[in-house]
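Colleague: Please show me the model, and let us then discuss it.

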Amino acid sequence: MQLRHIVSLLTCEILSGEDLLDLGIDCCFAADLMSDVLASAPNGALLVTGLASSQMVHTAEVADLAAIVLVAGKRPENEALAFARQRKLPLLLTGLSMFEACSLLSQHGLRGAVRKE
Amino acid sequence: MDRDSLYRETFPIKGDDFERGGEVATRVKALLQQLGLPRDVIRRLSIANFEAEMNVVMYAREATLEVLVFPDLIRVQVVDRGPGIADIDWAMQEGHSTATEAMRARGFGAGLGLPNIQRNTDEFEVKSDAGVGTTLRYAVHTTPRPKEG
Ligand SMILES: Nc1ncnc2c1ncn2[C@@H]1O[C@H](COP(=O)(O)OP(=O)(O)O)[C@@H](O)[C@H]1O
Ligand SMILES: [Mg+2]
């Protein structure tokens, strides 16, 4: 699924990565707990999260995630946004809840990330 | 650490500095990318570094994270000044944590950090001295070796 499809599906505001909307995404990991993301999200995954702190973007950076959707109308902290822009990491905002966002993505064919052992 | 490293660099980490927590891991990632290491090696080291860095931010006063580059492995040591870990076996279990609600609100403190570091590294060692601090040493091999098991 292209990032631009995710943007329109979840009516996202694009805070970072406007020029990366052609990016293809094939799986998704949703969590507020960054240790869970670091333990289980495969590289290239879309991160769906309610965590607005700078650790959310650092997590995506160290785990090689493709993009971040911040749910429930939350705004990222300033350092988080600055870091996402600096590292060219797409950061999207949606007013949808975590559940609504994930179920829409799933209905449109995005699969969940397989848990690594 | 008996052999000479090809390159080494030390990064300071400040305790309680949540705003910056993760910056060292991302700076080290950029360094590892410059060294042209395989993507998977960079990812595993970066995850370990980030968890180690957040532990310093959450539990210790200050630390240095040192990266040592060898021909066949990257070694990292994180030496902190802080309370130390009273019971290392307990702390190594998944889900065991003394984190506060405020720490969990930043996405950490589920008791997965040390297990995450161990899982992502080929060598791993924790030492603690009560009231003095904690030292983590870990390494990721950069040339493929047969895995046991
Ligand atoms: N550098 C450290 N200094 C003091 N205590 C630590 C340190 N790192 C870890 N600990 C202790 O070990 C526990 C488990 O650590 P970890 O596995 O990273 O999980 P978490 O950080 O989520 O609690 C922590 O809750 C803390 O009590
Ligand atoms: Mg931890």
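The exchange below concerns the fold of chain B, the core and the ligand.

Modeller: This is a predicted model, in which local features need pLDDT of at least 70, side-chain atom pairs count only at pLDDT 80 or more, and totals for chains, interfaces and linings use all residues. Residues are numbered from 1 along each chain as its sequence is written, chains are lettered from A and ligands numbered from 1 in the order written, and side-chain values use heavy atoms, without hydrogens and water.

Colleague: How compact is chain B?

Modeller: The globule rule (2.2 Å times the number of residues to the power 0.38) is compared with a radius taken over C-alpha atoms. For 149 residues the rule gives 15 Å, so chain B, close to that value, is as compact as a globular protein of that length, with a radius of gyration of 15 Å.

Colleague: Which helix gives the most to the largest nonpolar core?

Modeller: Such a core joins buried Ala, Val, Leu, Ile, Met, Phe, Trp, Tyr and Cys residues through side-chain atoms within 4.5 Å, buried meaning under 20% relative accessible area (1.4 Å probe, protein chains only). It has 67 residues, of which Leu65(B), Val78(B) and Tyr138(B) touch the most other members. With eleven residues, the leading contributor is chain B helix H2 (residues 39-59; a DSSP run of H or I, at least four residues).

Colleague: Which backbone atom lies 2.8 Å from an oxygen atom of ligand 1?

Modeller: Polar contacts here are pairs of N or O atoms within 3.5 Å. Tyr59(B) makes one through its side chain, at 2.8 Å, and a backbone atom of Gly113(B) lies at 3.3 Å. The backbone atom at 2.8 Å is a polar one of Leu114(B).

Key. Buried < 20%, exposed > 50% of the residue type's maximum accessible area, 1.4 Å probe, protein only. Helix = DSSP H or I, 4+ residues; strand = E, 2+ residues; numbered from the N terminus. Polar contact = N/O pair within 3.5 Å; in protein donor to acceptor, adjacent residues only side chain to side chain.
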